[in-house]
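Reader: I am new to this structure. Please take me through one part of it closely, the place where the ligand sits.

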Amino acid sequence: EKAGFDHFMLKEIYEQPKAYRDTMGSRLSDDGKSVVLNEIKMTPEEVKAIHNIHIVACGTAYHAGLVGKSVIEHLARIPVETDVASEYRYRSPIITKNTLVVVVSQSGETADTLAALREAKRCGARVVAITNVVGSSVAREADDVIVTWAGPEIAVASTKAYTSQLIAFYLFGLYLAQTLGTQEEAVLAETIAALQALPEQVEAILEQAETYKAVAEKIATHENLFFIGRGLDYAVAQEGSLKLKEISYIHSEAYASGELKHGTLALIEEGIPVIALATQDALLEKTVSNIQEVSARGAYVIGIGMEGSPSLEKSVNEQFLIPGTLSLLTPALSVVPLQLLSYYASLARGNDVDKPRNLAKSVTVE
Ligand code: M6R
């Protein structure tokens, strides 16, 4: 059932191109100009009445929600907050009937996410669920459901579910934008074309999977490391850090690059690995100067850049490149190298990759 792969996690990493294709599936019009989200039953008037959006989820799904926030704000110009479900209910969030709440859950059974959904409904909000399990509790209780067609995810560490959630957010962001008229048709068409190119681009990254092994084995000898990034790169850094902790048991932290000098820089010492995401062209110069801050203190920097962007080679110890795409779409590519680094680091440490200690696939207690 592992189809020749050593672990479910690796199999699921390789299933991502298919998961992207299946999740986009029939939701893009044949002429490539618009998104067709028939599962969203909102009328255009209801969409126009949305004042704000709350995205609520746990763990990796929360990290997808961080990307979702940027995507929706960028494309549809609606203010979005993203919250961890276990915090959301207790901060007495301001939910009105003009708030749209988006819950994200691979399993659709996470207790905190379900409780947040119920709280949102109690306050009169409409709830859209992004889930991988048709007929799950979250799917049954939400008003509208966007199913991620990733197929069953067995490994505790989420990979293809996360990336399919990203695809769902791109589709939803485009849907809102086209309903609200916040983007030119050409921008929508360009974004859709770039989305359609993603599966092949992931395949190209996976063809080079072995090149991450040596660096992962080096990382595996450390007890601490950092991920840094700005904007969407910071959102992906947080997911990369969780993945690494979860299966390799290496302590890591993800930092917004600009925050380093407000405290964390004190922890940078000779040889400490720093994984720097630098795929956002508009922020590149600033990110490079943050990379230099850690390099100057002896960090071993692994840079993740993008083909076609200025090279990071001079500022980093190791450079990996993702294929060129729109800045908004980079998370759907840049997370793949981080998944591979975590996988190989866990393997090098002799851990149980698919069943990390202390963790369950589905967390049904609050
Ligand atoms: O099923 P859910 O998406 O609601 O699960 C949420 C988290 O428990 C889950 O993403 C967890 O963080 C993963 N094990 C991370 O890889």
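**The ligand site and three residues to look up**

Author: Tyr-249 lies in the loop that runs between α11 and β7 (251-256). That is a handy place to start, and the ligand comes shortly. Keep in mind that this model is predicted. The backbone at Tyr-249 has a positive phi, about 65°, although Tyr-249 is not a glycine. Is Tyr-249 buried, partly exposed or exposed? The relative accessible area of Tyr-249 is 22%, so Tyr-249 counts as partly exposed. The cut-off for buried is under 20%.

Now step back to α11 (232-248) and on to the ligand. Two helices, α4 (59-76) and α11 (232-248), each give at least two residues to the shell around the ligand. That shell holds 14 residues. Ser-105, Gln-106, Ser-107, Thr-110 and Glu-246 are the closest. What kinds of residue make up the shell? The shell divides into 5 nonpolar, 7 polar and 2 charged residues.

Next, look at the polar atoms. An oxygen atom of the ligand lies 2.6 Å from a polar backbone atom of Gln-106. At Thr-60, a polar backbone atom is 3.1 Å from an oxygen atom of the ligand. Lys-243 takes part through its side chain: an N or O atom there is 2.9 Å from an oxygen atom of the ligand. How much of the ligand does the protein cover? On its own, the ligand has 410 Å² of accessible area, and the protein covers 90% of that. The space the ligand takes is the largest pocket.

Two other residues are worth a look. Go to Asn-358, in the segment after α13 (331-348). Asn-358 has a positive phi, near 70°, and is a residue other than glycine. Asn-358 has a relative accessible area of 77%, so Asn-358 is exposed. Exposed here means over 50%.

Then go to Glu-1, in the segment before α1 (8-14). Glu-1 counts as exposed because its relative accessibility is 82%. How far is Glu-1 from Thr-159? In sequence, Glu-1 and Thr-159 are 158 residues apart. In space, the C-alpha atoms of Glu-1 and Thr-159 are 18 Å apart.

Back to the ligand for a last pass. Find Gln-106, one of the closest shell residues, and its backbone contact at 2.6 Å. Then find Lys-243 and its side-chain contact at 2.9 Å.

How values were computed
Residues are numbered from 1 along each chain as its sequence is written. This is a predicted model: local features need pLDDT of at least 70, side-chain atom pairs count only at pLDDT 80 or more; totals for chains, interfaces and linings use all residues. Side-chain values use heavy atoms; hydrogens and water are left out. A residue is near a molecule or strand if one of its heavy atoms lies within 4 Å of it. A polar contact is a pair of N or O atoms within 3.5 Å; within protein, one must be able to donate a hydrogen and the other to accept it, and residues adjacent in sequence count only if both atoms are side-chain atoms. Accessible areas come from the Shrake-Rupley method with a 1.4 Å probe; for residues, only the protein chains shown count as cover. On a 1 Å grid over the protein atoms alone, a cavity is a set of points where a 1.4 Å probe fits but cannot get out, and a pocket is an open set with protein on both sides within 12 Å along at least five of seven lines; lining residues have an atom within 4 Å of a point. A molecule sits in a cavity or pocket if more than half of its atoms lie within 2 Å of its grid points. Helices (H or I, at least four residues) and strands (E, at least two) are DSSP runs, numbered from the N terminus. Ala, Val, Leu, Ile, Met, Phe, Trp, Tyr, Cys and Pro count as nonpolar, Asp, Glu, Lys and Arg as charged, and the others, Gly among them, as polar. Buried means under 20% relative accessible area, exposed over 50%, partly exposed in between (1.4 Å probe, protein chains only).
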